[in-house]
Amino acid sequence: MSAPRAHDLHPGRPRVVVIGGGFAGIEVAKGLRRADVDLTLVDRQNHHCFQPLLYQVATATLTSSDVAWPIRGIVGAQPNTTVQLAEVTGIDRANRVVHAGPASWPYDYLVIATGATHSYLGHPEWSRFAPGLKTIEDAAYIRRRLLLAFERAEVATDPDEQRRLLTFVIVGGGPTGVELAGAISELARHSLPLDFRRIDPQHARILLIEAGPRLLPALPEHLSAYAARVLARRGVEIVTGDPVEAIDDDCVRTRDTVIGTDTVIWAAGVAASPAARWLGAAHDKSGRVEVGPDLSLADDPAVFVIGDTAAVQDENGERVPGIAPAAKQMGEYVAEVIRARVAGRPAPAPFRYRHQGDLATIGRRSAVVKLSRLELTGTIGWLFWSLVHVYFLIGTRNRLGVAFDWVWNYLTYQRRSRLITLDRVEAPDGEMKVAAPSVPPND
């Protein structure tokens with residue numbers, strides 16, 4: 001006989017539905033593990049992903065399992081928690097029901113933590129040529145494109161075609177763009193040269209394009225300049241103040257130049273999930289839902305919106321950044337609010353974001369760290385960055401595994417996850433078929 005659902009066991013208890021198993025949603029679920037509620041966590045993926053390290057999956061340093069864990073393995077053992085694999089299609093606020101196709105879940109409290117997706121700044125057609133990096137699938141696809149570019153260059157006979165294939169463009173000079181540029185440089189300059197005979201991967205051209213005046217705009221200007229100098233020493237061409245105007249299948253066009261390339265990675269902008277549309281709620285220009293001081297809707301205190309999906313301001317009136325620590329703090333806070341309401345206690349003080357600092361790695365022995373008055377660069381900054389990211393991984397096995405991979409990569413310059421996997425394509429009849437990687441034949 002199958003086990004009853006959590007809310008069937010205690011029909012009189014408040015029902016909490018959490019949509020999204022990212023940093024914010026997981027923190028809500030963990031914070032309510034001992035609360036007198038029945039909690040349902042809904043996500044369209046069965047795993048929680050540690051997004052800050054996705055770029056290392058995309059550049060063949062780590063595997064998918066190093067940075068992602070089954071949601072059931074994180075919170076599924078909580079007696080009051082049910083995990084559901086489904087994609088939400090709508091929310092009926094009048095009747096307090098979440099819909100996901102034929103499935104539905106009634107709620108007394110609803111928490112929406114559905115994160116953000118890529119924003120192509122009014123050019124959705126660019127997504128065909130410039131994948132972003134938000135999911136495990138994105139990382140695997142980018143890794144495939146990177147590695148295939150070298151393989152195709154190896155068999156190409158036209159020098160111009162080789163140069164185009166060995167040109168890699170990253171659009172966006174924030175932390176993700178900087179980290180990708182540094183990692184691709186290391187891959188080309190240190191990990192791949194001995195693997196090829198007709199090409200020299202060290203001659204790969206890597207461009208980092210930022211529309212604004214400098215890289216890492218959230219950091220002080222001198223740290224931004226340090227990052228630019230380190231990337232330049234590692235062969236990365238930095239283009240600032242020259243926004244992208246067009247992207248197609250063989251080139252990127254900026255205001256001032258045309259760059260022939262087969263591989264473009266988008267790291268320039270994000271847009272919130274469709275939560276505002278589900279709720280019919282006020283939102284900012286990026287689609288983030290406007291919330292009150294306790295992170296609930298002004299006209300519906302039973303609905304909370306947190307993480308990248310919410311437009312939240314700090315005590316200085318600045319928008320809270322869309323980073324993992326902010327999402328975790330919001331999740332912890334909303335769990336506290338719900339616990340207080342269920343227990344009949346006074347509500348906690350309004351949410352207050354505590355900025356814990358900004359970090360970005362530029363590659364081997366180089367990073368920038370800004371923690372209040374403390375600033376670190378170089379090897380010390382890189383070691384600090386590494387320790388922080390290992391600490392925030394889930395589970396001892398993952399911490400040890402990632403630490404071992406980094407030590408191995410540091411000592412040997414090798415990347416252990418350099419697999420080019422097959423594509424899955426949808427046939428006209430809707431059946432999923434497998435397609436081999438497309439590599440030009442030998443002449």
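**Close-up views of a predicted model**

In strand β2, Leu41 is the bridge partner of Val18. This pair introduces the views below, which are drawn from a predicted model.

**View 1. Strand β1 and strand β2 are joined in parallel by five bridges.** Strand β1 covers residues 15–19, and strand β2 covers residues 38–43. Between β1 and β2 the chain passes through helix α2 (residues 23–31), and the resulting β-α-β crossover is right-handed.

**View 2. Strand β2 is largely enclosed by the rest of the structure, because six of its six residues are buried.** Both of its faces are covered. One side carries Asp38, Thr40 and Val42, and the other carries Leu39, Leu41 and Asp43; all of these are buried. Buried here denotes a relative accessible area under 20%.

**View 3. Strand β2 also runs parallel to strand β5, to which five bridges join it.** Strand β5 comprises residues 81–85. Within this pairing, Asp43 of β2 has Leu85 in β5 as its bridge partner. Asp43 is also one of the buried residues of β2.

**View 4. An open sheet of four strands shows parallel pairing in the order β13-β12-β11-β17.** The edges are occupied by β13 (236–240) and β17 (263–266); each has a single partner strand, so one side of each is left without a neighbour in the sheet. On average, neighbouring strands of this sheet are turned by 20° against each other, direction ignored.

**View 5. Five bridges connect strands β11 and β12 of the four-stranded sheet in the parallel sense.** Strand β11 spans residues 167–171, and strand β12 spans residues 205–210. Ile170 has Leu208 in β12 as its bridge partner. Helix α6 (residues 136–155) packs on the sheet, where it touches β11 and β17. The direction of helix α6 makes about 155° with that of β17.

**View 6. Helix α8 lies across β11, β12, β13 and β17.** This helix consists of residues 175–191 and runs at about 175° to β12.

**View 7. Three strands form an open sheet with antiparallel pairing in the order β14-β15-β16.** The edge strands β14 (244–247) and β16 (258–260) each pair on one side only. Neighbouring strands of this sheet are turned by 20° against each other on average, direction ignored.

**View 8. Strands β14 and β15 run antiparallel and are joined by three bridges.** Strand β15 contains residues 251–254. The bridge partner of Val244 is Thr254 in β15.

**View 9. The protein chain as a whole contains 13 helices and 27 strands, which sets the close-ups in context.** Its radius of gyration is 23 Å, close to the 22 Å given by the globule rule for 443 residues, so the chain is as compact as a globular protein of that length. Taken along the principal axes, the C-alpha atoms fill a box of roughly 70 × 60 × 45 Å. Of the 443 residues, 51% are buried. Among contacts between residues at least 6 apart in sequence, 63% join residues at least 24 apart. The accessible surface of the protein chain comes to about 21000 Å², and 53% of this area belongs to carbon and sulfur atoms.

How values were computed: Residues numbered from 1 in each chain as written. Predicted model: local features only at pLDDT ≥ 70, side-chain atom pairs only at ≥ 80, totals over all residues. Heavy atoms only, no water. Pairing = 2+ DSSP bridges. Helix = DSSP H or I, 4+ residues; strand = E, 2+ residues; numbered from the N terminus. Axes fitted to C-alpha atoms, helices over the stretch in contact; angles between N-to-C directions. Contact = heavy atoms within 4.5 Å. Rg over C-alpha atoms; globule rule 2.2 N^0.38 Å. Buried < 20%, exposed > 50% of the residue type's maximum accessible area, 1.4 Å probe, protein only. Areas by Shrake-Rupley, 256 points an atom, 1.4 Å probe, with all protein chains shown as cover. Right-handed = clockwise from strand over helix to strand, strands pointing away.
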